[in-house]
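This report describes the fold, the nonpolar cores and selected backbone features of one protein chain. The sequence and coordinates are shown first.

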Amino acid sequence: MKFATWNVNSLRARADRVEDWLDETDADVLTIQETKCRDENFPWGMFEMMGYQVAHFGISQWNGVAIASRVGLDDVEYGFAGQPEFGKNGVDPEVEARAISATVGTKNTDVEPFRLYSLYVPNGRSLEDEHMEYKLRFLDALHNHVTEDLTDTTRVALTGDWNIAPYDEDVWDMEFFLNNGLTHVSEPERAAFRAFEDSGLVDVVRPRHPGPETYTYWDYQRLRFPKNQGMRIDFILASQHLANDVTDAWIDREARKGPGPSDHVPVVAELG
DNA sequence: ATGGTAGACAATCTA
């Protein structure tokens, strides 16, 4: 059984790519970020024709998260308990479409079911921006929610775009980030990510594909991809009980090639 | 050369 996570940067603009990728990789489950659409614009039919159930949380042209599965999709939760709201410039605060979860693996597979999250962590924009404080609040609330009932037998995977490069090797040039005061590498962001690792959630990819120069995202601008000036910011963090069942995991760098790619590539895990 | 990309939606906003 194979599951993956992918920030597609608009599902409508990338529908053909997603369809082709699912065909080629034969993934059973895909968590998607940045669908950039509301439900009425979501390509339900494409997933249905391919034999996937799909759940989507999208309330505007921004953000948007989904889970597609052909091995069961049960008990869908939109957002998570305690997810902070955000609103600026007097706009009514609301829970943004940045988290959706479901239980997968309940049918058509031999693996034990597990709880799966599709997460789009807020972009902090700049170190002083109010979005940075929101990002840290979001991560703290998510950590509280997920670790609340975490035990030795918990089966959960937190997947998606974390917008954090947790270690120096996860960017092409730390000096560039430090000299320009950029986000994704600041100590508060990294501490927020480490809190998940300290609570026993395991990055299933890094041990199999260590850095440096192993990335999941390359900016569209400035030839970042041809120069391999990327960032590792998309992760599959699994509880230890689930991580024990992971037989392989990788980053599909090929998906960044060719015409019309997302700026992120899929991160994949296989369960035995 | 003071820009360069991409996608939402249709003047800017987001990343």
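## Backbone features and cores of chain A

Ser-10 of chain A is located in the loop between β1 (2-7) and α1 (15-25); helices (H or I, at least four residues) and strands (E, at least two) are DSSP runs, numbered from the N terminus. The model is predicted: local features need pLDDT of at least 70, side-chain atom pairs count only at pLDDT 80 or more, and totals for chains, interfaces and linings use all residues. Residues are numbered from 1 along each chain as its sequence is written, chains are lettered from A and ligands numbered from 1 in the order in which they are written, and side-chain values use heavy atoms, with hydrogens and water left out.

Although Ser-10 is not a glycine, its phi is positive, at about 90°. Asp-75, in strand β5 (residues 74-78), is likewise not a glycine and has a positive phi of about 50°. The accessibility of these residues and of Leu-242 is tabulated below, where buried means under 20% relative accessible area, exposed over 50%, and partly exposed in between (1.4 Å probe, protein chains only).

| Residue | Relative accessible area | Class |
|---|---|---|
| Ser-10 | 12% | buried |
| Asp-75 | 62% | exposed |
| Leu-242 | 0% | buried |

A further backbone feature is the cis peptide bond between Gly-211 and Pro-212, with omega about 0°. Pro-212 belongs to the loop between β9 (201-203) and β10 (234-239).

Overall, chain A contains 6 helices and 12 strands. Its C-alpha atoms occupy a box of roughly 50 × 40 × 40 Å along the principal axes. Of the 272 residues, 57% are buried.

The largest nonpolar core, a set of buried Ala, Val, Leu, Ile, Met, Phe, Trp, Tyr and Cys residues joined through side-chain atoms within 4.5 Å, comprises 55 residues. Phe-3, Val-18, Phe-47, Phe-114 and Val-204 have the most contacts inside this core. A second, separate core of 20 residues includes Phe-80, Ala-141, Leu-142 and Phe-196.

Contact means heavy atoms within 4.5 Å. Leaving aside residues up to four places away in sequence, Val-204 touches Ile-236, Ala-238, Ala-243, Val-246, Ala-249 and Ala-269. Leu-242, placed in helix α6 (residues 240-243), lies 38 residues from Val-204 in sequence and 9.8 Å from it in space, C-alpha to C-alpha. With the same exclusion of residues up to four places away, the partners of Leu-242 are Phe-114, Thr-154, Arg-155, Val-156, Ala-157 and Leu-271.
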